[in-house]
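Dear colleague,

I am passing on the structure below, and I would be grateful if you would look through it before reading my notes.

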Amino acid sequence: MLDLGVTLFAILLTLSRVFITIILSIVTGWFLAYVAIKNKTFENVYISLSEILESVPVISFFPVVLIFFVLVIGGQLGIQLAVIFLVFTAVVWNIWMGIYQAFKTIPENLLEVSENYRFGFLGKMARLYIPYSIPRISANLVPSFADALFYITVSEVFSIGTKVFQVFGIGTLIADFTAEGDYTDALYALGILAVFTTLITFLLREYAEYSVQKYGLDTEERESFLKRGRIRVRYTARLYSAKSAVSRLSKYLTKPPYFISRRERDKEDHEKRKIKLPNKIIGRGIGIAILVILSYLTYTVVSSVSPSTWSYIISTTPFDLVNLAYDYARVAFIALLSFLFAVFLGYYFATRPIADRIGVPIIQSIAAFPAPAYFPLLYGFTYSYVSSVLGPFTNEFYVILLGFVSTFYYIFYSFWLGVKNLPSEYWEIMKNYKMGFRTKMRRVLLPGTFPYIVAGLSSTINSAWGGLAIGEYWPDIFAGHTLEVKIGLMKAIALADNQGDLALVGWLSLIFAIVVVIYSILFTRRMMDLAREKYVAEEGVYAA
């Protein structure tokens with residue numbers, strides 16, 4: 001019989017771990033993004049490492065967790081910190097990338113205003129960078145919450161080889177119910193968890209709406225542009241946007257620059273020049289320190305394995321690359337499905353208030369619900385029908401499905417919020433020109449939300465690997481069945497981890513990291529720069 005008190009306590013413990021990681025991600029993201037946009041050396045290291053670590057599945061961090069948290073720190077504290085760290089590695093990257101993307105795409109006009117008012121570091125952060133990043137952060141809060149719950153069910157009970165480590169939480173509770181075949185109590189626990197996730201996603205959604213209204217550039221209601229056939233001046237174009245952006249900065253102003261004497265101005269310029277050099281040194285120092293730490297960890301792993309073992313592992317590299325190619329094909333298919341889902345449904349909800357108030361909370365609640373908790377039950381209830389229809393492709397279907405439900409919400413929320421955050425001037429133009437859906441998408445909406453799409457698609461692609469890592473080899477998923485694909489790098493990593501072969505896990509993760517670095521340089525960085533140079537919608541308002 002389900003103990004309601006124990007279940008509620010387990011849920012609260014799990015949620016507390018989730019929000020600790022989210023808060024840490026936001027605070028550290030602000031400072032790291034600021035250093036990144038000010039220092040090119042650190043930016044290159046920071047973005048490449050973020051891309052790598054976001055794509056690396058959580059299971060690849062298990063060796064680090066085992067060595068540092070479990071063995072060095074030890075005890076229940078070490079395991080608790082290990083769980084928080086594992087969830088942190090699943091949550092932090094999309095928040096960091098969203099903040100970086102926001103800092104990178106601040107309109108030049110606002111940067112010039114902050115320079116003219118001579119704000120210092122804290123002034124710029126408090127009055128410009130942090131407020132401007134809040135809509136992007138709020139866009140990522142629900143996906144981050146969903147991603148954290150997705151991985152918490154994996155992290156609260158994790159194993160490396162024959163060793164099993166766990167902490168008390170809803171993930172542990174549901175795993176115990178499922179292992180014992182107590183599906184009734186598992187469903188009751190999932191139902192109670194659903195109430196909490198629905199309430200939290202509702203609150204996060206309301207905050208997202210509030211952040212767009214408060215911190216977006218001119219985001220009045222779309223239906224308020226025209227009234228009885230006449231343009232309503234206070235909702236139009238340039239004047240309101242300029243007034244809105246400048247007034248938010250100027251209201252904090254205590255001493256306009258034109259009241260500053262030449263001596264004071266020269267003194268401030270001298271101080272700025274003195275600050276630039278330490279900033280460069282700090283940025284490069286952080287980047288070098290990260291590389292040194294990674295090099296040391298790599299050396300430690302390499303030196304602990306015999307040369308003959310490394311020789312065999314390296315000889316399998318061509319087959320490993322074939323495995324990776326198959327997985328990239330799966331990820332590409334998942335990303336395409338997620339993009340189409342986001343574009344059509346995101347636009348529909350963003351432009352229809354009633355559907356938006358009903359549909360988005362439903363999607364948010366489904367997305368926030370941890371897939372590893374309910375997926376075994378879904379697999380068990382549908383396997384007979386799906387296998388009769390798809391035959392040998394049944395396992396591929398379930399792996400793609402798990403990858404989709406674990407990551408589609410990144411680009412959906414980014415595109416949805418990007419459409420809602422699009423300056424009202426663009427909606428006015430689309431309405432005046434009577435554009436159809438295809439014309440709106442091609443000429444305005446896709447270009448105007450391109451920075452959001454890049455950030456969302458990047459996180460979608462990078463996070464899809466987590467779903468593949470769980471789904472490509474899932475022993476005893478339901479009633480003795482094993483979900484397993486024939487070929488895939490994530491399956492190879494999961495098998496090596498299951499056998500306790502940490503050397504092979506490290507080598508496969510290294511191959512994966514190298515490919516992700518190439519991907520981040522050729523795709524993500526170029527797309528970010530392109531978004532910054534040509535597709536910042538707010539820049540068009542000022543240029544008009």
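What follows is a short account of a surface patch, one helix and some aromatic pairs.

Please keep in mind throughout that this is a predicted model.

I begin with the surface, where I23, V27, F31, F121 and L122 form a nonpolar patch whose accessible area comes to about 490 Å² together. Helices α1 (4-38) and α6 (121-155) each supply at least two of the patch residues, and α1 gives the most, with three. V27, which sits in helix α1, has a relative accessible area of 38% and therefore counts as partly exposed, since that class lies between the 20% and 50% limits.

Helix α1 itself has 35 residues and reaches 51 Å from its first C-alpha to its last, which is close to the 51 Å expected at 1.5 Å a residue, although the helix also has a kink of about 25 degrees, centred on G29.

Turning to the aromatic side chains, the structure holds 25 aromatic pairs. In one of them, Y46 and Y100 meet edge-to-face, at 6.5 Å centre to centre and with 70 degrees between the planes; this pair links distant parts of the chain, with Y46 in helix α2 (residues 40-55) and Y100 in helix α4 (residues 75-104), 54 residues apart. Both Y46 and Y100 are buried.

F412 and Y413 also form an edge-to-face pair, at 5.4 Å centre to centre and with 65 degrees between the planes. F412 is buried, its relative accessible area being 0%, and Y413 counts as buried at 1%. These two residues belong to one aromatic cluster together with F341, Y348, F349, F404 and F408.

With best regards

Terms used:
Residues numbered from 1 in each chain as written. Predicted model: local features only at pLDDT ≥ 70, side-chain atom pairs only at ≥ 80, totals over all residues. Heavy atoms only, no water. Patch = residues over 30% accessible without salt bridge, like charges linked within 9 Å, V, L, I, M, F, W, Y side chains within 5 Å. Areas by Shrake-Rupley, 256 points an atom, 1.4 Å probe, with all protein chains shown as cover. Salt bridge = Lys/Arg side-chain N within 4 Å of Asp/Glu carboxyl O. Helix = DSSP H or I, 4+ residues; strand = E, 2+ residues; numbered from the N terminus. Buried < 20%, exposed > 50% of the residue type's maximum accessible area, 1.4 Å probe, protein only. Expected span 1.5 Å × (residues − 1). Bend = angle between axes of the 7 residues up to and from the residue. Phe/Tyr/Trp six-rings, centres within 6.5 Å; stacked < 30°, edge-to-face > 60°.
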